[in-house]
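Welcome, and please open your viewer. We will go from stop to stop, selecting a few residues each time and looking at what surrounds them.

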Amino acid sequence: NPTLSGSPSSVSVSLDFTGNDLLVCFACQIHLYQHDFFGLSYVDQRTQEEMWLDLSATLGSQRILPKTVFTLQVRFFKEPARFIDPLCVCLLYTSD
């Protein structure tokens, strides 16, 4: 299962995309339908700080550089009874 293997996945996007557009593209690519508990983090290449991608802002306004590597991470946690996507449950309980 490539979604849990840690192998990278590529998505081509425009700087006009919002962070949420990128999250949705990636979630669709790995067949994660209940993606609202997750966010994308990255290391800012200028400051070397780990940052959360702002889902409401465009990639261009966040000064995201080409070839930036994003990591899908759990951002919000809800009651397990609210999960309907088996992949969501698996990712939530196997993330570090």
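## First stop: R46

Begin by selecting R46, which is partly exposed, with a relative accessible area of 39%; on this scale buried means under 20%, exposed over 50%, and partly exposed in between (1.4 Å probe, protein chains only). This is a predicted model, so local features need pLDDT of at least 70 and side-chain atom pairs count only at pLDDT 80 or more, while totals for chains, interfaces and linings use all residues. Residues are numbered from 1 along each chain as its sequence is written, and side-chain values use heavy atoms, with hydrogens and water left out.

R46 sits in the loop between β1 and β2. Helices (H or I, at least four residues) and strands (E, at least two) are DSSP runs, numbered from the N terminus.

Which residues does R46 touch, not counting residues up to four places away in sequence? They are Q62, R63 and L65, where contact means heavy atoms within 4.5 Å. Show the side chain of R46 and you can follow it to the backbone oxygen of R63, at 2.7 Å. This is a polar contact: a pair of N or O atoms within 3.5 Å, where, within protein, one must be able to donate a hydrogen and the other to accept it, and residues adjacent in sequence count only if both atoms are side-chain atoms. You can also place a distance label between the C-alpha atoms of R46 and L65: the two residues are 19 apart along the chain, and these atoms are separated by 9.6 Å.

## Next: add D44

Side chains of opposite charge can pair when their charged atoms come close. Now add D44 to your selection: R46 forms a salt bridge with D44, and the closest N and O atoms are 4.0 Å apart. The term stands for a side-chain nitrogen of Lys or Arg within 4 Å of a carboxyl oxygen of Asp or Glu, and by this rule the count comes to 1 salt bridge.

D44 is found in the loop between β1 (38-43) and β2 (50-52). Is D44 buried or exposed? D44 is buried, with a relative accessible area of 12%. Its side chain also reaches the backbone nitrogen of T47, at 3.2 Å. Leaving out residues up to four places away in sequence, D44 touches E49 and M51.

## Into strand β1: S41

Select S41 in strand β1. S41 is buried, with a relative accessible area of 3%. Turn on Q73 as well, and you will find a polar contact of 3.4 Å joining the side chains of S41 and Q73. Beyond four places in sequence, the residues that S41 touches include M51, W52 and F70.

## Y42 and its ring partner

Stay in the strand and select Y42, which counts as buried at 8% relative accessibility. Leaving aside neighbours within four places in sequence, Y42 is in contact with ten residues you can show together: E49, E50, M51, W52, L53, Q62, I64, T68, V69 and F70.

How many aromatic pairs does the structure hold? It holds 1. Y42 and F70 form this edge-to-face pair, at 5.5 Å centre to centre and 65° between the planes. Rings of Phe, Tyr and Trp (its six-membered ring) pair if their centres lie within 6.5 Å; planes under 30 degrees apart count as stacked, over 60 as edge-to-face and the rest as tilted. The pair links distant parts of the chain, with Y42 in strand β1 and F70 in strand β3 (residues 70-74), 28 residues apart. F70 is partly exposed, with a relative accessible area of 24%.

## The nonpolar core

Select L22, L23, L40, Y42, L53, L59 and I64 together: these 7 residues make up the largest nonpolar core. The elements giving two or more residues to this core are α1 (19-29) and β1. Such a core is a set of buried Ala, Val, Leu, Ile, Met, Phe, Trp, Tyr and Cys residues joined through side-chain atoms within 4.5 Å. In soluble globular proteins, nonpolar side chains tend to be buried together.

## Last stop: R63 and K67

Return to R63, in the loop between β2 and β3. R63 is exposed, with a relative accessible area of 55%, and its phi is near 55°, a positive value in a residue other than glycine. Then pick K67, placed in the loop between β2 and β3. K67 is exposed at 79%, and its phi is near 70°, again positive in a residue other than glycine. Most residues other than glycine have a negative phi.

## Zoom out

Finally, show the whole protein, which has 2 helices and 3 strands in the pattern α-β-β-β-α. Of its 96 residues, 29% count as buried.
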